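These are my notebook entries on a structure that I had not examined before. I set down what I looked up, topic by topic.

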Amino acid sequence: LTGDRPTGRLHLGHYVGSLKRRVEMQNSGEYDEINILIADDQALTDNADNPGKIRENIINVVLDYLSVGIDPSKSTICVQSALPALHALTFYYLNLVTTARLSRNPTVKAEIQMRGFADEGLPAGFFTYPVSQAADITAFNANVVPVGEDQLPMLEQCKEIVHKFNSVYGETLTEPQIILPSNKACLRLPGIDGKAKMSKSLGNCIYLAEEPEDIKKKVMSMFTDPNHLRVEDPGKVEGNPVFIYLDAFCRDEYFAEFWNDYSCLDELKAHYQRGGLGDVKVKKFLNNVMQEELRPIRERRKEWENHLPDVLDILKEGSKVAKETAAKTLEDVRHSMSCLLYTSDAADE
């Protein structure tokens with residue numbers, strides 16, 4: 001199980017952190033079920049005054065899924081608000097978590113600071129969304145969750161909830177295992193401004209559906225080594241966003257196509273480190289790489305944009321299947337908690 005909040009179009013950080021891995025897992029044949037949840041209810045935690053924006057973003061997110069290669073015949077794409085069982089599971093889990101524990105969650109703390117909630121007060125739904133995320137994961141009995149590095153604290157809190165529930169009520173819930181990107185450059189892709197994380201709210205993103213001219217403009221404006229002032233100066237590749245992006249996306253064959261002065265990225269890095277190579281040349285190469293990587297994604301997205309009724313059908317069918325799965329988990333949870341009045345067995349009696 002994995003997913004995204006529909007707060008806007010998806011960007012390169014989403015792609016390297018999770019989307020690319022989802023497609024690989026989907027096509028590997030190793031998993032019985034692949035479930036991808038669009039967390040629209042969670043998006044209300046900081047967009048409660050603009051639900052229309054969330055509805056629009058749901059379609060944008062599905063289009064991005066389909067454009068990167070998510071196949072609805074192999075993966076179930078569903079929407080959170082269509083699964084009422086998730087709300088009941090969230091309420092039950094809230095009683096297993098303290099406010100002190102939630103306040104220590106690093107991801108929540110970082111989001112609070114970034115969104116400026118501290119001064120005006122924090123919406124309770126935002127504060128407790130790690131619990132809602134645990135409901136999402138456990139509802140599908142997910143044993144594997146591919147995420148970016150920033151989501152590690154959320155998954156750890158989910159595992160704590162599973163342990164607490166199973167210790168109190170008996171073995172019921174499945175403990176999820178975390179899968180991080182194998183490429184270290186993809187663990188937390190920085191923004192084009194050099195900030196630690198690419199983020200829509202920080203305005204430092206390259207979006208998957210970005211047009212070629214916009215990609216080029218953003219790449220050429222990217223933050224780089226601030227001490228590399230002249231071409232002859234030695235440059236630093238560690239922590240340099242331009243080279244982090246090349247680590248994440250570049251393949252050796254791109255050198256033969258776009259810059260045959262080098263055969264691989266290591267040669268390019270060595271030249272930059274010893275001096276004599278300007279940032280503009282490196283950025284031009286990165287732009288070629290990004291154009292080649294994003295072109296097929298953009299083209300597939302435009303094809304799906306011409307078939308929006310089919311996109312809505314995919315979402316409806318996926319949500320129908322997911323609703324049954326989540327309802328079954330809720331029934332198991334209530335049975336373990338001895339809430340028998342509300343189980344289907346009790347109703348039959």
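The entries below cover confidence, the sheet, a helix pair, salt bridges and one loop residue.

**Entry 1: confidence.** I noted at the outset that this is a predicted model. I then looked up how far the prediction can be relied on by its own score. The chain averages a pLDDT of 90, and 93% of the residues score at least 70. I also asked where in the chain confidence is lowest and where it is highest. The lowest mean, 48, belongs to helix H17 (residues 344-348), whereas E3 has the highest, at 98.

**Entry 2: the sheet.** I looked up the strand order and found an open sheet of three strands, E1-E2-E3, with parallel pairing. Strand E1 (2-4) and strand E3 (76-79) are the edge strands, each pairing on one side only. On average, neighbouring strands of this sheet are turned by 25 degrees against each other, direction ignored. I next examined strand E2 (residues 35-38), which runs parallel to E3 and is joined to E3 by four bridges. Within these strands, I found leucine 37 opposite cysteine 78 of E3. I then asked which helix packs on the sheet. Helix H16 (residues 308-336) does so, touching E2 and E3, and the direction of H16 makes about 90 degrees with that of E3.

**Entry 3: a helix pair.** I turned to helix H12 (residues 241-249) and H15, which pack at an angle of about 35 degrees with their axes 10 Å apart. The crossing of H12 past H15 is left-handed. I listed the residues in this contact: H12 contributes Val242, Phe243, Tyr245, Leu246 and Phe249. From H15, the contributors include Val282, Phe285, Leu286, Val289 and Met290, and also Lys283 and Glu293.

**Entry 4: salt bridges.** My search of the whole structure gave 16 salt bridges. I inspected three of these pairs.

Lysine 218 and glutamate 210 meet through their side chains at 2.9 Å, N to O. Are these two residues buried or exposed? Both lysine 218 and glutamate 210 are buried.

The side chains of arginine 301 and glutamate 305 form a salt bridge at 2.6 Å, N to O. These residues are separated by about one helical turn, because they stand four residues apart in helix H15 (residues 279-305). Arginine 301 counts as buried because its relative accessibility is 5%, under the 20% limit. Glutamate 305, at 36% relative accessibility, counts as partly exposed.

Lysine 328 and aspartate 332 form a further salt bridge, at 2.9 Å, N to O. Both lie in helix H16, four residues apart, about one turn of the helix. I recorded lysine 328 as partly exposed, at 45% relative accessibility. Aspartate 332 is likewise partly exposed, with a relative accessible area of 32%. I finally checked for shared partners, and found that Asp64, Arg301 and Glu305 are joined into one network by salt bridges.

**Entry 5: a loop residue.** I asked where leucine 277 lies. Leucine 277 is in the loop between helix H14 (265-274) and H15. Why does leucine 277 count as buried? Its relative accessible area is 3%, and buried means under 20%. I then looked up which residues leucine 277 touches, leaving aside those up to four places away in sequence. The contacts are His228, Val231, Trp259, Tyr262, Leu268, His271, Tyr272 and Val282. As a last check, I took the distance to serine 18, which is 259 residues apart from leucine 277 along the chain. Their C-alpha atoms are separated by 33 Å.

Methods. Residues are numbered from 1 along each chain as its sequence is written. This is a predicted model: local features need pLDDT of at least 70, side-chain atom pairs count only at pLDDT 80 or more; totals for chains, interfaces and linings use all residues. Side-chain values use heavy atoms; hydrogens and water are left out. Two strands pair if DSSP finds at least two bridges between them. Helices (H or I, at least four residues) and strands (E, at least two) are DSSP runs, numbered from the N terminus. Axes are lines fitted to C-alpha atoms, for helices over the stretch in contact, and angles run from 0 to 180 degrees between N-to-C directions. Contact means heavy atoms within 4.5 Å. pLDDT is the predictor's confidence in each residue, from 0 to 100. A salt bridge is a side-chain nitrogen of Lys or Arg within 4 Å of a carboxyl oxygen of Asp or Glu. Buried means under 20% relative accessible area, exposed over 50%, partly exposed in between (1.4 Å probe, protein chains only). A crossing is left-handed if the near helix is turned anticlockwise from the far one by less than a right angle, and right-handed if clockwise.
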